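Hi,

Here is the structure I said I would pass on. Have a look at it first, and my notes follow below.

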Amino acid sequence: MPFDGITVSSIVSELNTAILNGRVEKIYQPEKDEITFNIRNNKSNYRLLISASPVYPKIHLTEDNKSNPMNAPAFCMLLRKHLTGSRIITIKQPSLERVIEITFDCIDEMGYSIEKSIIAEVMGRHSNIIFIDSQGMNIIDSIRRVSNDMSSIRTIMPGFKYVYPPSDNKKDPLMICESEFLSGIHSLSASIKADKYLVKAFYGISPIAAQEICFRAGIESDLDIKILNKEQLLCLFSEFHRLIEQIKSKDYKPNIIMDDSKNIDFSAIELSIYNDFKKTYMDSISKTIEAFYIQKDKIDRTKQKTGDLSRIVKIKLERDERKLSVLEKELTEARNAEYHRLCGDIIMANLYRINKGEEKAILPNFFSEQEEKIEIALDPRLSPASNAQKYYKQYNKSKVALKFLSNQVEQVLEEIVYLESIQDSLNRSLEEQEINEIRMELAEGGYIRRGKENKKTVKASQKVSKPMHFISSSGFDIYVGKNNTQNDYLTLKFASANDLWFHTKDIPGSHVIIKTDGKAVDDNTLSEAANLAAYFSKGKLSSNVPVDYTWKKNVKKPSGAKPGKVIYESYKTIYITPDEGKISRMRK
């Protein structure tokens with residue numbers, strides 16, 4: 001269920017219970033379109049997230065503590081100036097709109113009390129976070145400015161009056177009566193499906209909510225609403241009214257709808273259209289939304305931030321793969337060096353049988369026990385001896401080329417493996433610092449230009465980001481690297497000689513460490529660590545993934561090797577099919 005008016009209504013109800021009269025302690029802007037408020041209320045701490053993401057816009061309380069940029073963006077600094085220390089005095093939703101107004105009691109420069117508001121518009125790609133002077137409704141600023149050139153409907157710029165989003169002649173579902181509901185349908189001039197009519201006629205009603213109303217009324221949602229008889233229309237209004245009354249009475253049942261252990265939807269209310277699916281009920285709409293969106297949002301954010309790096313790595317990989325194909329072809333030709341030497345030797349042993357001007361010669365191969373005949377191509381312009389010398393030159397040239405091409409193939413293969421490891425890291429959900437580590441690694445390797453970095457950024461980049469931490473079913477700590485910087489740190493600095501090291505065999509992936517503390521490691525823990533190594537690798541979607549493991553003391557980094565590259569010996573191999581469910585149960 002998208003962020004429709006019903007979901008927003010349940011959020012407003014929860015926020016009024018949790019943070020109304022709370023005091024704003026800190027404000028952050030972890031993303032370019034996202035704000036978080038740290039709020040203290042009733043001796044408890046809350047974190048309110050407001051996101052104007054065009055993909056996953058939302059507002060809810062959160063327990064996720066994202067890393068923040070070293071330098072706060074201008075909009076964040078503005079909010080800090082006006083709202084730090086302020087008190088939340090109202091949280092409301094205009095009717096059933098996808099809008100939440102949070103009003104703060106602030107102190108101005110003269111020490112007087114003044115009200116200012118944050119307006120969160122949760123409207124897909126048109127979502128925004130707007131900061132206004134509550135008394136005059138003047139816009140102070142917004143997280144996304146909208147000029148006249150960008151929209152002919154509404155200007156959202158500092159100094160302009162704030163006006164609500166256009167309603168497109170939709171009616172207020174909280175105020176509609178039976179006669180208005182029926183007259184609206186009777187006045188229709190064109191055919192329209194029942195569910196689409198409800199969405200088009202009333203604001204705050206999403207397609208899912210409209211389908212739910214039709215389902216409860218026993219009406220096919222794709223039926224033309226104009227062909228419904230009076231009894232069906234009355235039944236439709238009855239269920240419409242019942243849903244609205246459910247919202248007015250705050251009868252919410254936050255839940256996540258699942259199919260084969262995968263989240264497919266969420267809702268603030270009980271949806272009968274999903275009766276055949278498994279539902280997980282929660283005591284908070286905020287927890288429901290966070291559980292549903294957190295991984296989707298992180299993956300989407302990572303893709304946005306790493307898009308340029310992914311393109312560079314992809315282009316370089318494609319070039320290397322083309323280069324490898326050419327080199328392997330040339331290498332195959334170079335491996336004919338012995339044939340060229342053989343031809344030269346046979347010609348020299350049979351000079352008296354060859355006449356100048358011949359284009360080929362069929363001669364016995366005296367190097368073979370059977371001395372079978374061999375056909376040798378000749379240059380008719382050259383003497384027999386010169387033809388032999390020509391073959392010897394080709395032999396020497398092929399020998400040199402063979403050594404050179406073998407080295408070239410080895411280097412290209414090594415770079416392909418390295419770039420695939422970078423690609424695998426970029427496909428994960430990464431924090432800002434982890435992305436910066438990959439960016440710096442690629443810059444040091446000459447794959448991208450090094451950007452201009454201030455002293456704070458350089459200092460922060462010198463600290464290694466934290467690897468993932470899991471605890472096995474037997475209580476062992478297991479650590480997983482998310483990029484090559486973390487992998488090198490885990491294996492070369494963090495792990496002790498008698499810790500266990502895991503990595504997928506010949507597949508790019510994470511380094512995994514079991515901290516043994518000198519204790520014997522049970523089979524379950526070995527299996528869980530192997531599962532982590534397989535899941536956080538390029539083989540994530542494969543079955544029977546081979547995972548090598550050995551004592552850390554058997555793992556070495558070759559001199560001059562690329563980040564994340566190690567060699568190891570005396571290992572064992574486990575074959576395992578990655579299981580996300582088992583990993584989620586052992587997360588710390």
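Let me start with the lining of the largest cavity: its residues split into three nonpolar, three polar and seven charged. By class, Ala, Val, Leu, Ile, Met, Phe, Trp, Tyr, Cys and Pro are nonpolar, Asp, Glu, Lys and Arg are charged, and the others, Gly among them, are polar. This is a predicted model, so local features need pLDDT of at least 70 and side-chain atom pairs count only at pLDDT 80 or more, while totals for chains, interfaces and linings use all residues. Residues are numbered from 1 along each chain as its sequence is written, and side-chain values use heavy atoms, with hydrogens and water left out.

Back to that cavity. Its space comes to about 140 Å³, and E31, K66, K305, L430 and E431 are the closest to its centre of the 13 lining residues. At least two lining residues each come from β1 (23–31), α7 (285–334) and α10 (432–444), with α7 giving the largest share, four residues. Helices (H or I, at least four residues) and strands (E, at least two) are DSSP runs, numbered from the N terminus.

Two cavities of 30 Å³ or more turn up in the structure. The second largest has a volume of about 30 Å³, and its lining is S421, D424, S425, R428, N484, N487, P508, G509 and S510. Two or more of these come from each of α9 (384–426) and α12 (484–494), and α9 gives the most, three residues. In this lining, one residue is nonpolar, six are polar and two are charged.

As for pockets, the second largest holds about 920 Å³ of space. It has 39 lining residues, and R98, M123, G124, H126 and P165 are the closest to its centre. That lining has 21 nonpolar, eight polar and 10 charged residues.

For the geometry: on a 1 Å grid over the protein atoms alone, a cavity is a set of points where a 1.4 Å probe fits but cannot get out, a pocket is an open set with protein on both sides within 12 Å along at least five of seven lines, and lining residues have an atom within 4 Å of a point. Points are joined across faces, edges and corners, and a volume is the space filled by probe spheres set on them.

Now the packing. The largest nonpolar core (buried Ala, Val, Leu, Ile, Met, Phe, Trp, Tyr and Cys joined through side-chain atoms within 4.5 Å) has 77 residues, and F37, L48, I59 and F181 have the most contacts inside it. Helix α6 (residues 230–248) supplies the largest share of this core, seven residues. Another core, of 24 residues, lies apart from it and includes V480, L500, A529 and F536.

Helix α5 (residues 207–216) is largely enclosed by the rest of the structure, because seven of its 10 residues are buried; buried means under 20% relative accessible area, exposed over 50%, and partly exposed in between (1.4 Å probe, protein chains only). The buried residues of α5 pack against α1 (5–18), α4 (194–201), α6 and β11 (262–267). Just after α5, G218 has a positive phi of about 70 degrees.

One of the buried residues in α5 is C214, which has 0% relative accessibility. I found zero disulfides in the whole structure, a disulfide being a pair of cysteine sulfur atoms within 2.5 Å. The sulfur of C235 is 10 Å from the closest cysteine sulfur, in C214, and therefore too far for a bond. C235 itself is partly exposed, at 30% relative accessible area.

Cheers

Methods:
Contact means heavy atoms within 4.5 Å.
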